[in-house]
Amino acid sequence: MKEEEKYQWAAWLDDQVSDAELEQLRQDPDYAVMEKIKSYTAALCTPEFKEDALLLRIQNQQRQPSKFRRLYVKQPLQWAALLLVFLGLSMGYMMTRFESEMTASGENLSFQLPDDSEVQLHAGSELNYKSWNWDSNRQVSLAGEAFFKVAKGKRFEVETSQGTVSVLGTQFNVKVRGNRLEVTCFEGKVQVATASEKIILTPGKTLAYVQQKRLFFHTTSAQQPAWIAKELAFEKEKPQDVLAELERHFDITIKAPAFPKNELFTGKLPGDSSEAALHLLAHPYHFKVVKVNDHAFSLDATP
């Protein structure tokens, strides 16, 4: 490699070449290799490029022509070593990188995991997983609510802040909001592990915990989660938590400072009409629904 070429490559790495010089470098057979090195090093902190020091080093090398031959022989090996280092860093990044799926209020999302397991993510929820080596490590983390149809294979785990749900191949729903965890099994078997216990769910069984304490464990006749069938089902939930779920599901805001806070609500509300859902919820508590606009409501106590 000529001294002028070395200087041009150094200036190119520091983005200090003109358009004409860049076009000339692109014709060089080594450009593809140098481009890879530059892309891998873009995210790394590198020492400040010192032109005077580089020029002095080049001038010193001009006085020792015998060294050019050794540098020319070693240059491809140096590039190969750099590529191995940065490929290693890239592999490490891929092994620790998480894929994320998120839904905003009023939004549902259906997608597939790398093994074709199906996930339907409810409003205001987030699911993370590593796609790297997925077949040997089928594990996701969930904040919110999701319905899973798991493809057969090795153990499948859903981690939440309130416990872990483990299966082999099945259909089940997991909902975690605040300190409440609720799991329903529709097919196969599901293991739920919390800080207090481990329990197996079979088809038609539903289970809920609040603050790691079991709230209920019984049989349900449902064939799928209510929210997928455009309904919202609640069992022994605080009215304020029901209002929060309605806000997420419909992407609305609800002002209800005087609404009961400790009287537990059990029942189903329509999932396709925010007004109808609010009227059904407010009626047993003797509250009226006031529509502020299409996305805002208030609940007021009736005289």
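In this predicted model, Lys175 and Glu237 form a salt bridge, with 3.6 Å between the closest N and O atoms. Lys175 belongs to strand E8 (residues 171-177) and Glu237 to strand E14 (residues 231-237), so this pair ties together parts of the chain that are 62 residues apart in sequence. Both partners are shielded: Lys175 is buried at a relative accessible area of 10%, and Glu237 is buried at 6%.

Strand E14 also takes part in a second pairing, this time through Glu231, which forms a salt bridge with Lys268 at a closest N to O distance of 3.8 Å. Here too distant parts of the chain are linked, since Lys268 sits in strand E16 (residues 265-270) and Glu231 in strand E14, 37 residues apart. The surroundings of these two residues can be read from their accessibility: Lys268 counts as exposed at 56%, while Glu231 is partly exposed, with a relative accessible area of 32%.

A third salt bridge brings together the side chains of Lys291 and Glu275, at 3.2 Å from N to O. This one joins a strand to a helix, with Lys291 in strand E17 (residues 287-293) and Glu275 in helix H7 (residues 274-282), 16 residues apart. Lys291 is partly exposed at 41% relative accessibility, and Glu275 is likewise partly exposed, at 33%. Beyond single pairs, shared partners connect Lys175, Arg177, Arg180, Glu182, Glu237, Glu245 and Arg248 into one salt-bridge network. The count of salt bridges comes to twelve.

Helix H7, the home of Glu275, also has a buried side. Ser274, Ala277, Leu278, Leu281 and Ala282 are its buried residues. Viewed down the helix axis, these residues fall within an arc of 120 degrees, so they line one face of H7. The spacing is a familiar one: an α-helix has 3.6 residues a turn, so residues three or four places apart point the same way. The partners of this face are helix H6 (239-250), strand E15 (253-255), E16, E17 and strand E18 (296-301), against which the buried residues of H7 pack.

The contact between H6 and H7 can be described further. Their axes lie 11 Å apart and make an angle of about 175 degrees. As angles over 145 degrees count as roughly antiparallel, H6 and H7 are therefore roughly antiparallel to each other. On the H6 side, Val242, Leu243, Leu246 and Phe250 take part, and they meet Ser274, Ala277, Leu278 and Leu281 of H7. Just beyond, the loop between H6 and E15 holds Asp251. Asp251 has a phi near 55 degrees, a positive value in a residue other than glycine, and it counts as partly exposed at 40% relative accessibility.

Gln212 offers another case of positive phi in a residue other than glycine, with a value near 70 degrees. Gln212 is located in the loop between strand E12 (205-210) and strand E13 (213-219), where its relative accessibility of 23% makes it partly exposed.

Elsewhere, two polar residues help to show how strands E6 and E7 are surrounded. Glu157 is placed in strand E6 (residues 156-160), and its side chain makes a polar contact of 3.0 Å with the side chain of Gln139. Setting aside neighbours within four places in sequence, Glu157 is in contact with Arg138, Gln139, Val140, Thr164, Val165 and Ser166. The last of these, Ser166, lies in strand E7 (residues 163-167) and is buried, with a relative accessible area of 6%. The side chain of Ser166 makes a polar contact with that of Arg155 at 3.4 Å. With neighbours within four places again left aside, the contacts of Ser166 are Arg155, Phe156, Glu157, Lys189, Val190 and Gln191.

Turning to the whole chain, the protein contains seven helices and 18 strands. Of its 303 residues, 37% count as buried. Among contacts with a separation of 6 or more, 41% are made by residues 24 or more positions apart. The pairing of Lys175 with Glu237, described at the outset, spans 62 residues in sequence.

Note on methods
Residues are numbered from 1 along each chain as its sequence is written. This is a predicted model: local features need pLDDT of at least 70, side-chain atom pairs count only at pLDDT 80 or more; totals for chains, interfaces and linings use all residues. Side-chain values use heavy atoms; hydrogens and water are left out. A salt bridge is a side-chain nitrogen of Lys or Arg within 4 Å of a carboxyl oxygen of Asp or Glu. Helices (H or I, at least four residues) and strands (E, at least two) are DSSP runs, numbered from the N terminus. Buried means under 20% relative accessible area, exposed over 50%, partly exposed in between (1.4 Å probe, protein chains only). The arc is that of the directions from the helix axis to the C-beta atoms. Contact means heavy atoms within 4.5 Å. A polar contact is a pair of N or O atoms within 3.5 Å; within protein, one must be able to donate a hydrogen and the other to accept it, and residues adjacent in sequence count only if both atoms are side-chain atoms. Axes are lines fitted to C-alpha atoms, for helices over the stretch in contact, and angles run from 0 to 180 degrees between N-to-C directions. Angles under 35 degrees count as roughly parallel, over 145 as roughly antiparallel, 65 to 115 as roughly perpendicular and the rest as oblique.
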